[in-house]
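Colleague: Please take a close look at the salt bridges in this model. Which residues pair, and where do they lie?

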Amino acid sequence: MPNSQPQQIVACVVYTDRMIEASAAQVIHNSKKIDHIELGWSGDDCTRLYRKTFPIPPKQDELVEALREAMSEICKKRPESLVLASPSPLKSTAPSERGFDSSGYGVTEASGLYPAWSGLDLYALACDACASIIDPMDIHVQLDVALASLGEYHWRLNHKELTSETTRQKQKLYAARVGRSVDQVIFDEHSVSYVKLSSDINAALTQQGVLFEGKGNPYLSMLHPHRCNIIDHGFNDDFEGDCSLHNDCFGGMLTQRALKRRVEIYRSDGLSMNKIALRKALVIVEYAVQLCEILVAAHRPSLIVLDGRVVNDRDSEMGPDGLLISAINDQLYERLAVIDVDGNVSLKPSYIQHNFDEGFRFVQAASCPNPLTYGALAHAANIIAAAGKIVNLGKRSGKQSME
Ligand SMILES: [Zn+2]
């Protein structure tokens, strides 16, 4: 006789250098006929399980202890699946390589920005902490931004009210023309590149609802940006950089810590507060635009989402919300602009593909309240879907940016 009790699957996220946070999602389905799965959120449909902060920067043994503690707390809920997010790039995220000693699945790379996270076998740690509760095949380790890009993609897909009426009309017409549903059109044709500018710099791409990835994670933060120069910016950027591995890589130039160090140097040089604020803004815009250019060149996403404390810092000198994103859009459009045979400059170059909305901003702030957690749930849901089940991520309102 089939079990009529709803079954619960709990996905969880453990994340960041400063904070360990776990959120639970309930995936409720009727075990007789699985046709609808709802995912809940902490503070809404489900419960926040566990929260712990510890000193910055944590020593690796403290970090391991805290991760263990968080996971054994989660295990009390008897989850069916666990998704672990790492702020540090991973050697391998290919699920087929789980359990093979030499594969490097869920093992973090050396990190100049997160020393405590360097060379950690997160998969083995999770398997050990959740032994006898969660099947090792149901334990997944992924890069935080990768999960966040999934989260942002699925959030937008599930919140069509974010789309303007004009865009929706055009989507409907287009869908009718190609003989498909609007959902199919959006799902198939859109891709979201999610960029985190926070304690680390990284980006990931979700295409047609799944992560664009190889065996391991991209490592954008290690690329070196062009320096701000006196012609375009009025000053030569001689900041030495803050990354212990590459000095002035993106990670060494654009993280919160790097920006803070830069401000301290400018203060000791006697620059006025106004000048410091202006330089900081120029630096953020310039290097963020360079990152976006790289993403456009490599992936041509339909949207770039910028998130993280560098762009969401309310106390920054950047002024009102959105100013930074606006400046980044303007600069990027200018940088990628194309000139036609008549010499007309197009501010919406063909590299930036968006079929529907004229007033569309290519670079946007995150719209998902917590893209990382939502993405972990989407990741779990994708895995469930891959097993032939239909997945429907739930809705929720509110905004709370990724830290
Ligand atoms: Zn670096």
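Modeller: The side chains of Asp-128 and Arg-68 form a salt bridge, with N to O at 2.8 Å. This pair links distant parts of the chain: Asp-128 belongs to helix H2 (residues 122-129) and Arg-68 to helix H1 (residues 60-75), and the two are 60 residues apart. Asp-128 counts as partly exposed because its relative accessibility is 47%. Arg-68 also falls in the partly exposed class, at 30% relative accessibility. The model is a predicted one, and a search of the whole structure returns 11 salt bridges.

Arg-261 is a partner in further pairs. One is with Glu-240, where the closest N and O atoms are 2.7 Å apart. Glu-240 sits in the loop between helix H6 (230-233) and helix H7 (250-254), while Arg-261 is in helix H8 (residues 256-268), so this salt bridge ties together parts that are 21 residues apart in sequence. Glu-240 counts as exposed, with a relative accessibility of 53%; the cut-off for that class is over 50%. Arg-261 is partly exposed, since its relative accessibility is 27%.

Arg-261 also forms a salt bridge with Asp-242, and here the closest N and O atoms are 3.0 Å apart. Asp-242 lies in the loop between H6 and H7, and Arg-261 in helix H8, so the parts tied together by this pair are 19 residues apart in sequence. Asp-242 is buried because its relative accessible area is 8%, and buried means under 20%. Arg-261 therefore pairs with an exposed residue, Glu-240, and with a buried one, Asp-242.

As background, side chains of opposite charge can pair when their charged atoms come close. Salt bridges also join Arg-227, Asp-237, Asp-248 and Arg-262 into a network.

The zinc site belongs in the same account. The protein donors of the zinc ion are the SG atom of Cys-243, ND1 of His-246 and SG of Cys-249, at 2.0 to 2.3 Å from the ion. Along the chain these donors follow the spacing C-x2-H-x2-C. Both Cys-243 and Cys-249 are buried.

To recap the pairs described one by one: Asp-128 with Arg-68, Glu-240 with Arg-261, and Asp-242 with Arg-261.

Conventions
Residues numbered from 1 in each chain as written. Predicted model: local features only at pLDDT ≥ 70, side-chain atom pairs only at ≥ 80, totals over all residues. Heavy atoms only, no water. Salt bridge = Lys/Arg side-chain N within 4 Å of Asp/Glu carboxyl O. Helix = DSSP H or I, 4+ residues; strand = E, 2+ residues; numbered from the N terminus. Buried < 20%, exposed > 50% of the residue type's maximum accessible area, 1.4 Å probe, protein only. Donors = N, O, S within 2.8 Å, 3.2 Å for Na, K, Ca; no water.
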